[in-house]
Amino acid sequence: MTVNQAVTAFAGFMVLLSLALAWSVSPYFLILTAFVGANLLQSAFTGICPAASIFRRLGLRDTAA
């Protein structure tokens, strides 16, 4: 798995998790959905993604072999 795939999978998981929590626990969990979306948007413009940095430290590679 590459860093890009891991970031995409993690973002999708977080959105689905926050939607499930908003539906079952509290609508305030939609703030997490907004945070994930805002992070994806700023990453598109700046090229800086905290999740990508973490996945690189965990040993994931940037490109497929």
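From the N terminus on, the elements of the chain run α-α-α. The model is a predicted one, and its secondary structure comes to 3 helices and 0 strands. Helix H1 spans residues 3-24, helix H2 spans residues 30-46, and helix H3 spans residues 50-57. Taken along the principal axes, the box filled by the C-alpha atoms is roughly 40 × 25 × 15 Å. The accessible surface of the chain is about 4800 Å², and carbon and sulfur atoms contribute 72% of this area. Of the 65 residues, 23% count as buried. Among contacts with a separation of 6 or more, 57% are accounted for by residues 24 or more positions apart.

The largest nonpolar core consists of 7 residues, namely Val3, Ala6, Val7, Cys49, Ala51, Ala52 and Phe55. Two elements, helix H1 and helix H3, each give two or more residues to this core. In soluble globular proteins, nonpolar side chains tend to be buried together.

Within this core, Val7 belongs to helix H1. Val7 counts as buried because its relative accessible area is 13%, under the 20% limit. Leaving aside neighbours within four places in sequence, the contacts of Val7 are Cys49, Ala51, Ala52 and Phe55. The C-alpha atoms of Val7 and Pro50 are 9.5 Å apart in space, although these residues are 43 residues apart in sequence. Another core member, Ala6, touches Met1, Phe55 and Leu60 when residues up to four places away in sequence are not counted. Phe55 is thus named among the contacts of Ala6 and among those of Val7.

On the side of helix H3, the buried residues are Ala51, Ala52 and Phe55. These residues lie on the same side of H3, because they cover an arc of only 100 degrees around the axis. An α-helix has 3.6 residues a turn, so residues three or four places apart point the same way. The buried residues of H3 pack against H1. Ala51, Ala52 and Phe55 also belong to the largest nonpolar core. Just after H3, Gly59 adopts a positive phi of about 105 degrees.

The count of salt bridges comes to 1. This salt bridge joins the side chains of Arg56 and Asp62, with an N to O distance of 2.8 Å. Side chains of opposite charge can pair when their charged atoms come close. Arg56 is partly exposed, with a relative accessible area of 42%. Asp62 is likewise partly exposed, at a relative accessible area of 48%. Both values fall between the 20% and 50% limits, so neither residue of the pair is classed as buried.

Nonpolar side chains also occur at the surface. Phe10, Phe13 and Leu17 make a nonpolar surface patch of about 280 Å². Phe13, one of the patch residues, is located in helix H1. Its relative accessibility is 48%, so Phe13 counts as partly exposed. Leu16 also lies in helix H1. Leu16 is exposed, with a relative accessible area of 61%. Between Leu16 and Gly37 the C-alpha to C-alpha distance is 12 Å, for a pair set 21 residues apart in sequence.

Exposed residues are likewise found in the region that follows H1. Tyr28 lies in the loop between H1 and helix H2 and counts as exposed at 67% relative accessibility. Tyr28 and Ser18 are 10 residues apart in sequence, and their C-alpha atoms are 9.2 Å apart in space. In helix H2 itself, Ile31 counts as exposed at 58% relative accessibility. The C-alpha atoms of Ile31 and Ser18 are separated by 8.2 Å, the two residues being 13 residues apart along the chain.

Key. Residues numbered from 1 in each chain as written. Predicted model: local features only at pLDDT ≥ 70, side-chain atom pairs only at ≥ 80, totals over all residues. Heavy atoms only, no water. Core = buried A, V, L, I, M, F, W, Y, C linked by side-chain atoms within 4.5 Å. Buried < 20%, exposed > 50% of the residue type's maximum accessible area, 1.4 Å probe, protein only. Helix = DSSP H or I, 4+ residues; strand = E, 2+ residues; numbered from the N terminus. Contact = heavy atoms within 4.5 Å. Salt bridge = Lys/Arg side-chain N within 4 Å of Asp/Glu carboxyl O. Patch = residues over 30% accessible without salt bridge, like charges linked within 9 Å, V, L, I, M, F, W, Y side chains within 5 Å. Areas by Shrake-Rupley, 256 points an atom, 1.4 Å probe, with all protein chains shown as cover. Arc of directions from axis to C-beta.
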